[in-house]
Amino acid sequence: MKLFLTRIVLKLEHFRQWLIAQLAFGFMNFLKLFPADSAIRFADWLTRKIGPHTSRHKLMLFNLRNAFPEKGEAELKEIALASWGNMGRLAAEYVFLDRLFDFDPERTGPGRVEVSGIPIFLDLRDNPRPFIVFTAHTGNFELLPVSSAAFGLHVTVLFRPPNNPYVAQKVFDFRSARMGKLVPSHAGSAFALARQLEAGQGVGVLVDQKFRKGLKTTFFGLDTKTNPLLPKLVRQFNCEVYPARCIRLAGNRYRLEIEPKLDMPRDEKGNLDLTATAQMLNDKVESWVREYPAQWLWYHDRWKVKHEVLK
């Protein structure tokens, strides 16, 4: 009897995940009926309406209050609403990702996408060597590997698949066709990235996700754990590290930036300081978020407080 009930529960869970996936796919197919700009604006409007009624909105505001104690409640609520709009835009932009990246160095007038740091792109492409590019969940971070591929710079990207297996497969297929080689985040992902660096190639990682067993660091002055993967790869391969980000501009436009390589912190013996490196990553991401706070995904449980906030 217990085994029978377990099977029923599992089937119901699979059905729930399948249904959620179909709703998500249906929404994206609906957006395809409209021009890109109209669909993006609609998704922004819709998520601003729905988001504040979800449990994650409470977590958003809690995170914002802790990160910006100097800001008033009205301003924090406006940032939270804009962050929901950013998430809606991100979903809609997925549908039109092929059409959004229109950067052309020969164009005389402005396009939808502008790129800063082109000489760095070209240097990495024309002088192959192991390197790591890191970014955060800010702006449309999905455009960064698309732009890299457009420059002929093929980077192996580490990504965390969605928990829903139906959505995860669809997302993986979509990303693979547009972003090059992908490595799903799991127990063996570090070895896959290490092989790419060993072969003299580049990898890309997101560094602003929570990590239960990470290095003790701070983010916005608050204690948090940071994934040691990037510092450990740098220690092993002594590779260069480049920050990169996407900034949303007015009129559904984007600026993609790759910054000069970072000087890695080392101890008195000249060895890479893992914790200081992780802190440096956090400080870089924090500077980006402070500049454009509404473009970061504040619903992430970066400080592992969700259970306290939502209980």
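User: Against which elements do the buried residues of helix 11 pack?

Analyst: In this predicted model, the buried residues of helix 11 pack against strand 2 (131-135), strand 6 (215-219), strand 7 (222-226), helix 10 (229-237) and strand 8 (240-249). The buried residues include Leu274, Met280, Leu281, Val285, Trp288 and Val289, and polar residues such as Thr277, Gln279, Asn282 and Glu286 are also buried.

User: How do you know that the span of helix 11 agrees with the expected one?

Analyst: Helix 11 (residues 274-291) has 18 residues, and at 1.5 Å a residue it should span 26 Å. The end C-alpha atoms of helix 11 are 26 Å apart, so the two values agree.

User: What makes the approach of Asp273 to Thr275 a polar contact at the start of helix 11?

Analyst: A side-chain oxygen of Asp273 reaches to within 3.3 Å of the backbone nitrogen of Thr275. The cut-off for a pair of N or O atoms is 3.5 Å, so this approach falls within the limit.

User: Why is Gln295 called buried?

Analyst: Gln295 has a relative accessible area of 11%. Buried means under 20%, so Gln295 meets the criterion. Gln295 lies in the loop between helix 11 and helix 12 (306-310), and its contacts beyond four places in sequence are Asn86, His137, Thr138, Gly139, Cys246, Ile247 and Arg248.

User: Why is Lys306 called partly exposed?

Analyst: The relative accessibility of Lys306 is 23%. This value lies between the 20% limit for buried and the 50% limit for exposed, so Lys306 counts as partly exposed. Lys306 is placed in helix 12 and touches Arg56, Leu59 and Asp301, leaving aside residues up to four places away in sequence. Lys306 and Leu59 are 247 residues apart along the chain, yet their C-alpha atoms are separated by 6.4 Å.

User: What makes the pair of Asp44 and Arg89 a salt bridge?

Analyst: The closest N and O atoms of Asp44 and Arg89 are 2.6 Å apart. The limit is 4 Å, so the pair qualifies. Asp44 lies in helix 2 and Arg89 in helix 4 (residues 73-95), so the pair ties together parts that are 45 residues apart in sequence. Both partners, Asp44 and Arg89, are buried.

User: How do you know that Lys261 and Glu240 form a salt bridge?

Analyst: Their closest N and O atoms are 3.5 Å apart, so the pair falls within the 4 Å cut-off. Lys261 is in the loop between strand 9 (253-258) and helix 11, and Glu240 is in strand 8, 21 residues apart. With a relative accessible area of 46%, Lys261 is partly exposed.

User: Which of Glu259 and Lys284 is buried, and which is partly exposed?

Analyst: Glu259 has a relative accessible area of 16%, which is under 20%, so it is buried. Lys284, at 21%, is partly exposed. The two form a salt bridge with the closest N and O atoms 2.8 Å apart. This pair links Glu259, in the loop between strand 9 and helix 11, to Lys284 in helix 11, 25 residues apart.

User: How many salt bridges does the structure hold, and which residues are linked in a network?

Analyst: The structure holds 18 salt bridges. Glu114, Arg245, Arg253, Arg255, Glu257 and Glu291 are linked in a network of them.

User: Why is Phe42 called partly exposed?

Analyst: Phe42 has 30% relative accessibility, a value between 20% and 50%, so the label applies. Phe42 lies in helix 2 (residues 36-50). Together with Phe30, Leu33, Phe34 and Trp45, Phe42 forms a nonpolar surface patch of about 510 Å² accessible area.

Note on methods:
Residues are numbered from 1 along each chain as its sequence is written. This is a predicted model: local features need pLDDT of at least 70, side-chain atom pairs count only at pLDDT 80 or more; totals for chains, interfaces and linings use all residues. Side-chain values use heavy atoms; hydrogens and water are left out. Patches are made of residues with over 30% relative accessible area and no salt bridge: like charges are joined within 9 Å, nonpolar side chains (Val, Leu, Ile, Met, Phe, Trp, Tyr) within 5 Å. Accessible areas come from the Shrake-Rupley method with a 1.4 Å probe; for residues, only the protein chains shown count as cover. A salt bridge is a side-chain nitrogen of Lys or Arg within 4 Å of a carboxyl oxygen of Asp or Glu. Helices (H or I, at least four residues) and strands (E, at least two) are DSSP runs, numbered from the N terminus. Buried means under 20% relative accessible area, exposed over 50%, partly exposed in between (1.4 Å probe, protein chains only). The expected span of a helix is 1.5 Å times one less than its number of residues. Contact means heavy atoms within 4.5 Å. A polar contact is a pair of N or O atoms within 3.5 Å; within protein, one must be able to donate a hydrogen and the other to accept it, and residues adjacent in sequence count only if both atoms are side-chain atoms.
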